Structures are given as C-alpha cells and as structure tokens.
Amino acid sequence: MSVQTTLTFALMDPPFESSRVSTAMRLMYLAAERGCHLKVFAYEGAVLLPLATQKPHPNAVHGHDVEEEQHPMTKEWVEGLINLARDKGGSVEWANCGLCVDERGAEPPVEGVRRGTPADLVKFAEESNNTVVIATKS
C-alpha cells in the first residue's frame with residue numbers, strides 16, 4: 001500500500017506583484033500532477049489569489065482587447081489546481097486567512113476555497129510530509 005504525499009504551502013504575496021506566486025503555483029501544479037494532497041494557507045495579499053470577481057482587462061498601450069490580451073487570472077489557476085489534483089487522485093484544501101480576507105474585502109473566493117484562521121496553517125503543517133513557505137521579500 002502506497003501512502004500519498006501531503007504538502008502544505010503557505011502563501012503571502014498578492015496576485016500580479018511578484019514571480020513568487022507563479023513559482024508557488026508551478027510547484028503546486030507539479031505536486032498535483034503527481035497525485036499529492038495539497039494544503040494551502042493563504043494570508044496577507046495571497047487571499048486575493050482565488051478572488052472569484054477577478055476580471056481580465058484590455059491593454060490599450062498594445063492596442064489589445066480583452067481576448068487579445070489574454071491576461072491570466074489567478075482565480076483560474078486556483079480552480080485549475082483544484083481540478084487537476086482531483087483528476088490525479090489527490091486533493092487541495094485551501095484556506096484563506098479570515099482576518100486577511102476582511103482587511104482586503106477578498107470575498108467571494110472560487111469554489112473549493114474556505115475561510116480559515118492561522119491555526120489552519122499549524123494543523124496543515126502537522127498533517128503534512130513537508131511545508132513550503134513562500135514568504136514575501138522584506
């Protein structure tokens with residue numbers, strides 16, 4: 001009987017501000033592709049990653065309309081991660097820090113993301129084989 005790996009990711013950066021978010025998502029996608037169980041605790045600006053009301057925009061500087069610009073939406077990355085993990089036999093448990101959500105008005109999230117507390121991060125880490133913290137640069 002094989003035991004599936006469970007990994008916790010703690011994210012802090014908001015969408016579109018740094019490459020740390022892209023790096024974290026790439027790592028999580030690789031783990032999901034391998035059937036891992038993922039536990040994600042988003043705090044500070046990262047609670048905006050799964051914001052359901054995100055909208056793509058045109059780019060007047062380049063003369064692109066919304067379709068031509070193809071601006072990536074992190075909410076779609078989160079939805080894709082949840083679906084990929086499920087399809088590969090894994091799972092994603094994503095908790096947004098409720099205090100951070102309230103501070104930023106970051107509601108509603110996409111389906112599969114719940115409101116949490118910092119205690120979730122501790123619980124996630126205890127239940128995981130390893131924890132990856134993608135902290136913001138100071």
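The following paragraphs describe the fold, strand pairing, burial and local backbone features of a predicted model. Local features were considered at pLDDT of at least 70 and side-chain atom pairs only at pLDDT 80 or more, whereas totals for chains, interfaces and linings use all residues. Residues are numbered from 1 along each chain as its sequence is written, and side-chain values use heavy atoms, with hydrogens and water left out.

The secondary structure of the chain consists of five helices and five strands, where helices (H or I, at least four residues) and strands (E, at least two) are DSSP runs numbered from the N terminus. Their order along the sequence is β-α-β-α-α-β-α-β-α-β. The C-alpha trace spans about 55 × 30 × 30 Å along its principal axes. The radius of gyration of the chain is 15 Å, in agreement with the value near 14 Å for a compact globule of 138 residues; this radius is taken over C-alpha atoms, and the globule rule is 2.2 Å times the number of residues to the power 0.38.

Of the 138 residues, 41% are buried. Buried denotes under 20% relative accessible area, exposed over 50%, and partly exposed in between (1.4 Å probe, protein chains only). The accessible surface of the chain is about 7800 Å², and carbon and sulfur atoms contribute 54% of this area; accessible areas come from the Shrake-Rupley method with a 1.4 Å probe, and for residues only the protein chains shown count as cover. Among contacts in the chain with a separation of 6 or more, 75% are between residues 24 or more positions apart, a contact being defined by heavy atoms within 4.5 Å.

Strand β1 (residues 6-11) runs parallel to β2, to which six bridges join it; two strands are taken to pair if DSSP finds at least two bridges between them. In this pairing threonine 8 stands opposite lysine 39 of β2. The connection from β1 to β2 passes through helix α1 (residues 19-33) and forms a right-handed β-α-β crossover. Right-handed here means that, with the strands pointing away from the viewer, the path from the first strand over the helix to the second runs clockwise. Strand β1 also pairs in the parallel sense with strand β5 (residues 130-134), over five bridges, and phenylalanine 9 stands opposite valine 132 in β5. Six of the six residues of β1 are buried, so β1 is largely enclosed by the rest of the structure. Burial extends to both faces of β1, with Thr6, Thr8 and Ala10 on one side and Leu7, Phe9 and Leu11 on the other.

Strand β2 (residues 37-42) has five of its six residues buried and is therefore largely enclosed by the rest of the structure. Six bridges connect β2 with strand β3 (residues 91-97), again in the parallel sense, and phenylalanine 41 stands opposite alanine 95 in β3.

Two leucines illustrate the packing of helices. Leucine 81, in helix α3 (residues 74-87), is buried at 0% relative accessibility. Beyond its neighbours within four places in sequence, leucine 81 contacts Met25, Met28, Tyr29, Ala32, Leu38, Val92 and Trp94. The C-alpha atoms of leucine 81 and leucine 30 are 9.7 Å apart, with their positions 51 residues apart in sequence. Leucine 27, in helix α1, is partly exposed at 37% relative accessibility. Its C-alpha atom is 9.7 Å from that of valine 132, which is 105 residues away along the chain.

A search of the whole structure finds zero disulfides, a disulfide being a pair of cysteine sulfur atoms within 2.5 Å. The sulfur of cysteine 97 has its closest cysteine sulfur in cysteine 100, at 3.2 Å, which is too far for a bond. Cysteine 97 is buried, with a relative accessible area of 4%, and cysteine 36 is buried at 9%.

Most residues other than glycine have a negative phi, and most peptide bonds are trans. Phenylalanine 16, in the loop between β1 and α1, has a positive phi of about 70° and is partly exposed at 46% relative accessibility. Glutamate 44, in the loop between β2 and α2 (66-69), has a positive phi of about 50° and is partly exposed at 31%. The peptide bond from glutamate 107 to proline 108 is cis, with omega near 0°; proline 108 lies in the loop between α4 (98-104) and β4 (113-116).
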